[in-house]
Protein chains: 2
Amino acid sequence: MLRRKEVEFWFEFASTYSYPAAMLLEDTASTAGVRVTYKPFLLGPIFARQGWSDSPFNLYPTKGAYMWRDMERICSAQSIPFSRPSAFPRNGLLAARIACAFAEEPWLPAYVRAIYRANFAQDQDISQRDVVAGVLQDLGLISEDIFERALAVENKEALRAQTERAEQIGIFGAPTFVVGQELFWGSDRMLQALEFAAA
Amino acid sequence: MLRRKEVEFWFEFASTYSYPAAMLLEDTASTAGVRVTYKPFLLGPIFARQGWSDSPFNLYPTKGAYMWRDMERICSAQSIPFSRPSAFPRNGLLAARIACAFAEEPWLPAYVRAIYRANFAQDQDISQRDVVAGVLQDLGLISEDIFERALAVENKEALRAQTERAEQIGIFGAPTFVVGQELFWGSDRMLQALEFAAA
């Protein structure tokens with residue numbers, strides 16, 4: 001159980017709608033007086049169990065076309081830079097392992113935003129170690145130390161367990177905001193989740 | 001092309017999220033100074049073309065569980081009566097044929113709301129002719145005359161064509177609000193669509 005005034009932000013680096021949520025979350029939560037806990041997980045295993053071998057936005061092109069236009073509108077309205085990536089979805093495993101290992105670090109929110117920006121504003125391949133290393137170095141971090149801990153067996157297992165936990169609590173997409181027993185799915189539910197947590 | 005200050009409301013009577021949208025639409029659009037055009041269609045043929053023989057909320061139970069809880073919250077927050085129907089989805093074909101035939105009638109918005117209430121607040125089987133007749137009679141209408149026009153070959157064809165049109169313009173779920181070339185999917189996008197139309 002969460003304490004009051006706390007929201008869990010369950011996100012996947014490949015997830016389009018998680019991008020504007022991640023960009024706005026810290027400021028919005030701060031205004032609402034709510035603390036954010038970062039919960040990276042992987043959608044791949046959850047989608048696979050529903051019989052999907054790809055993003056539903058690729059499997060269902062009409063829905064995908066809507067999503068890309070919707071992303072443009074959302075990011076434009078919020079003044080968030082957005083450029084449709086030349087590849088989608090990009091594998092966020094390495095980036096997620098780092099977020100999982102260092103979820104409590106003060107630099108974590110800035111790291112999360114920077115990875116999302118790399119993918120959805122700068123069209124960089126975030127599955128590549130040198131791209132992630134560049135993000136870490138821009139934050140003034142020593143990337144080799146971070147990779148070592150992120151790639152340790154126990155951390156790989158921790159991310160796997162977190163993904164299983166996501167499924168257990170009923171998460172089926174990203175972003176999902178969790179406040180106690182309540183789930184709020186979608187970037188457009190961020191405010192509702194924060195208001196619920198703050199009440 | 002639509003004129004400015006107009007929104008098309010594409011809805012399906014079996015669709016859960018279309019219910020709160022339908023209940024709030026007239027008042028919200030009136031406040032925004034936007035005219036609503038009612039566009040009933042059927043999700044069944046659109047889902048079937050994606051390989052689904054049932055509602056995705058039934059095919060993907062985790063998503064379905066979230067949706068039912070979300071409906072409770074949305075309706076509670078808006079003071080809309082809601083009771084999870086004992087059967088889902090209910091076949092809205094007859095009700096949609098009537099909405100298609102009489103889309104321009106002044107009683108149409110009240111009829112749409114009453115059919116949704118029957119399904120999602122009163123747990124009535126809206127696929128049944130006597131249930132729909134009861135709704136029409138409560139509105140002071142002569143149901144036999146209405147059924148005759150709704151069940152005419154040309155009106156059946158009109159609803160079929162409207163469903164095909166939905167697919168052509170990129171609709172994949174309900175409710176969808178259409179303003180010119182822009183689609184807004186989901187009850188939670190109603191305000192955004194109205195603001196876009198009013199701008």
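**Notebook: the A/B interface and one buried threonine**

I began with the contact between the chains: 21 residues of chain B are in contact with 21 residues of chain A. I note at once that this is a predicted model.

Next I looked up the area. About 2000 Å² is buried between chain B and chain A. Carbon and sulfur atoms give 51% of that area. Which three residues supply the most on the chain B side? I found B:Tyr60, B:Tyr66 and B:Arg189. Together they supply 28% of the area that chain B buries against chain A, more than any other three residues.

**Entry: charges and polar pairs**

I then turned to the charged pairs. The rule finds 8 salt bridges across the interface of chain B and chain A. I looked up one of them, between B:Glu182 and A:Arg73. Their closest N and O atoms are 2.7 Å apart. For polar contacts between chain B and chain A, I noted a count of 14 residue pairs, both residues at pLDDT 80 or more.

Which elements of chain B supply at least two residues each to the side that touches chain A? I listed helix H4 (61-77) and strand S4 (182-185). H4(B) gives the largest share of that side, with 7 residues. I also sorted the side of chain B that touches chain A by class. It has 10 nonpolar, 4 polar and 7 charged residues.

**Entry: symmetry**

I checked how the copies are related. A turn of 180 degrees, with a shift of 0.0 Å along the axis, lays chain B on chain A. The RMSD is 0.0 Å. That is the relation of a two-fold axis. The same surface serves both copies, as 100% of the contact residues of chain B recur in chain A.

Which residue of chain B comes closest to the rotation axis? I found B:Asp188, with its C-alpha at 4.0 Å.

**Entry: A:Thr16**

Last, I picked out a single residue of chain A. A:Thr16 is found in the loop between strand S1 (6-11) and helix H1 (18-32). Is A:Thr16 buried or exposed? I count A:Thr16 as buried, because its relative accessibility is 1%, and the cut-off for buried is under 20%.

What does A:Thr16 touch, leaving out residues up to four places away in sequence? I listed A:Phe57, A:Met67, A:Trp68, A:Met71, A:Phe88 and A:Phe120.

How values were computed:
Residues numbered from 1 in each chain as written. Chains lettered and ligands numbered in written order. Predicted model: local features only at pLDDT ≥ 70, side-chain atom pairs only at ≥ 80, totals over all residues. Heavy atoms only, no water. Helix = DSSP H or I, 4+ residues; strand = E, 2+ residues; numbered from the N terminus. Buried < 20%, exposed > 50% of the residue type's maximum accessible area, 1.4 Å probe, protein only. Contact = heavy atoms within 4.5 Å. Least-squares fit on C-alpha atoms with pLDDT ≥ 70 in both. Buried area = accessible area lost by both parts, 1.4 Å probe. Salt bridge = Lys/Arg side-chain N within 4 Å of Asp/Glu carboxyl O. Polar contact = N/O pair within 3.5 Å; in protein donor to acceptor, adjacent residues only side chain to side chain. Nonpolar A, V, L, I, M, F, W, Y, C, P; charged D, E, K, R; others polar.
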